[in-house]
Amino acid sequence: MRKKLVVGNWKMHGNRASNAALLAGLREAGPWSADVAVCVPFPYITETALALTGQAIAFGAQDCSAHEQGAFTGEVSSAMLADLGCRYVIVGHSERRAFHAESDQLVADKAKAALAHGVTPIVCVGETLAEREAGQTEVVVKRQLAAVIHTLTHCIGEIVLAYEPVWAIGTGLTASPEQAQSVHAVLRTQLQAATQKADAMRILYGGSVKPDNAAQLFAMPDIDGGLIGGAALKAGDFSVICRAAA
C-alpha cells in the first residue's frame, strides 16, 4: 500500500504575515495519516523551515536550476535547496513549461540535479485542452515522462510523479476521478517498463483539487495524493484535503 502524499504548491503567493498564519493553521490541524508537504517561494524557505521545526510537514521549493553552480543570475541550485533542508522540489510544472519555455529535456535535467543532492523532484506532466481534444493526452504525457526515464535511468524510481492536466489548473475544471485514473494508469504502466520500483512510486493528481472532490480522486487505485494549488493557501481547505488522503 502506497502512503498518500499531499503537496501544497503556493506558487507566487504569500507574504511573511500570511505565510505565518497559514503555517500556524496547518500546525494546529495536523498531524495527518498522509505525508504532507508545502512548496513555497524561494524567499520564504528558511522561515518555513523554522515554522515547521518538529512538525511532520515537509517543505520544498517550486523549481531549481539544472546547473550545479556558476554564472546563472537569478537561478537557484539543488545544492542550495538541500542546504536549506528542502525535502522536495517541483520541476516541469505546466506554468514553467508554458511561460518559461521549459523543454522535456530541461525538466529531466532538473530532476537529475535534484536527485544528485538528495532532494526529491516532483516531476509534472500533463496535456493542454487542445491536446486532450485532439486525443493526444496519452502521447503527450508519455513523451514528457520518457525524457525523464531516459535521463534518470535506474534512478527513475526515486521521483514523485504528478499528472496535472493543464486545462484543469486554476480554471475550476477538474478531471473526473475516472479520467484522472485513466492517465495515472498509463503512467504507471510506462514506469513499470522502466523500473521494478514502479508499483511503490507515488503519482499525484494536480488540477483544481478541492475539499469536495479530493476523497473521490484519492480513492482511485493509481492516484496517490495531490499537488494542490489554490486550496493550499487556506489552512482549512488544505487540511480537509489532507484528511481525505487517509
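1. Strands E4 and E5. In this predicted model, strand E4, residues 88-91, runs parallel to E5, and the two are joined over 4 bridges. To find the pairing in the structure, start at Tyr88, which stands opposite Thr120 of E5.

2. The other neighbour of E5. E5 also pairs with strand E6, residues 160-163, again in the parallel sense and over 4 bridges. Here the residues to look for are Ile122 and Val160: Ile122 stands opposite Val160 in E6.

3. Cover over E5. How many of the residues of strand E5 are buried? The strand covers residues 120-125, and 6 of its 6 residues are buried. Both faces are covered. On one side the buried residues are Thr120, Ile122 and Cys124, and on the other they are Pro121, Val123 and Val125.

4. Length of helix H7. Helix H7 takes in residues 137-152, which makes 16 residues. At 1.5 Å a residue these should span 22 Å, and the C-alpha atoms at the two ends are 23 Å apart, so the expected and computed lengths agree. Thr153 follows H7, and its phi is positive, near 45°.

5. The buried residues of H7. Which residues of H7 are buried? They are Thr137, Val140, Val141, Gln144, Leu145, Ala147, Val148, Ile149, Thr151 and Leu152. When looking at this list, recall that an α-helix has 3.6 residues a turn, so residues three or four places apart point the same way. The buried residues of H7 pack against several elements, including strands E5 and E6. The helices they pack against are H4 (94-99), H5 (104-116), H6 (129-133) and H8 (177-192).

6. Gln144 as an example. Gln144 is found in helix H7. Its relative accessible area is 4%, and it therefore counts as buried. With neighbours within four places in sequence left aside, Gln144 is in contact with Arg97, Asp104, Val125 and Gly126.

7. Ser94. Ser94 has its place in helix H4. Is Ser94 buried or exposed? Ser94 has a relative accessible area of 9%, so it is buried. Apart from its neighbours within four places in sequence, its contacts are Glu164, Val166 and Ile169.

8. A cis peptide bond. The peptide bond that leads from Gly30 to Pro31 is cis, and its omega is near 0°. Pro31 lies in the loop between helix H1 (16-29) and strand E2 (35-39).

9. Positive phi at Ala101 and Ser208. Ala101 is not a glycine, yet its phi is positive, about 55°. Ala101 is found in the loop between H4 and H5. Its relative accessibility is 67%, so Ala101 counts as exposed. Ser208, which is also a residue other than glycine, has a positive phi near 60°. This residue is in the loop between strand E7 (203-205) and helix H9 (214-218). Because its relative accessibility is 14%, Ser208 counts as buried.

10. The largest pocket. The volume of the largest pocket is about 460 Å³. It is lined by 20 residues, and those nearest its centre are Lys11, Met12, Gln62, Asp63 and Arg96. Which element gives the most to the lining? It is H4, with 3 residues. Sorted by class, the lining holds 9 nonpolar, 6 polar and 5 charged residues.

11. The second largest pocket. The second largest pocket has a volume of about 290 Å³. Its lining has 22 residues, and Gly170, Ser208, Ile228, Gly229 and Gly230 are the closest to its centre. The lining divides into 8 nonpolar, 10 polar and 4 charged residues.

12. Two residues of that lining. Gly170 lies in the loop between E6 and H8. With a relative accessible area of 76%, Gly170 is exposed, whereas Ser208, at 14% relative accessibility, is buried. How many residues apart in sequence are Gly170 and Ser208? They are 38 residues apart in sequence, while their C-alpha atoms are 6.0 Å apart in space.

Notes
Residues numbered from 1 in each chain as written. Predicted model: local features only at pLDDT ≥ 70, side-chain atom pairs only at ≥ 80, totals over all residues. Heavy atoms only, no water. Buried < 20%, exposed > 50% of the residue type's maximum accessible area, 1.4 Å probe, protein only. Pairing = 2+ DSSP bridges. Expected span 1.5 Å × (residues − 1). Contact = heavy atoms within 4.5 Å. 1 Å grid on protein atoms, 1.4 Å probe; cavity = no way out; pocket = protein on both sides within 12 Å on 5 of 7 lines; lining within 4 Å. Points joined across faces, edges and corners; volume = space filled by probe spheres on them. Nonpolar A, V, L, I, M, F, W, Y, C, P; charged D, E, K, R; others polar.
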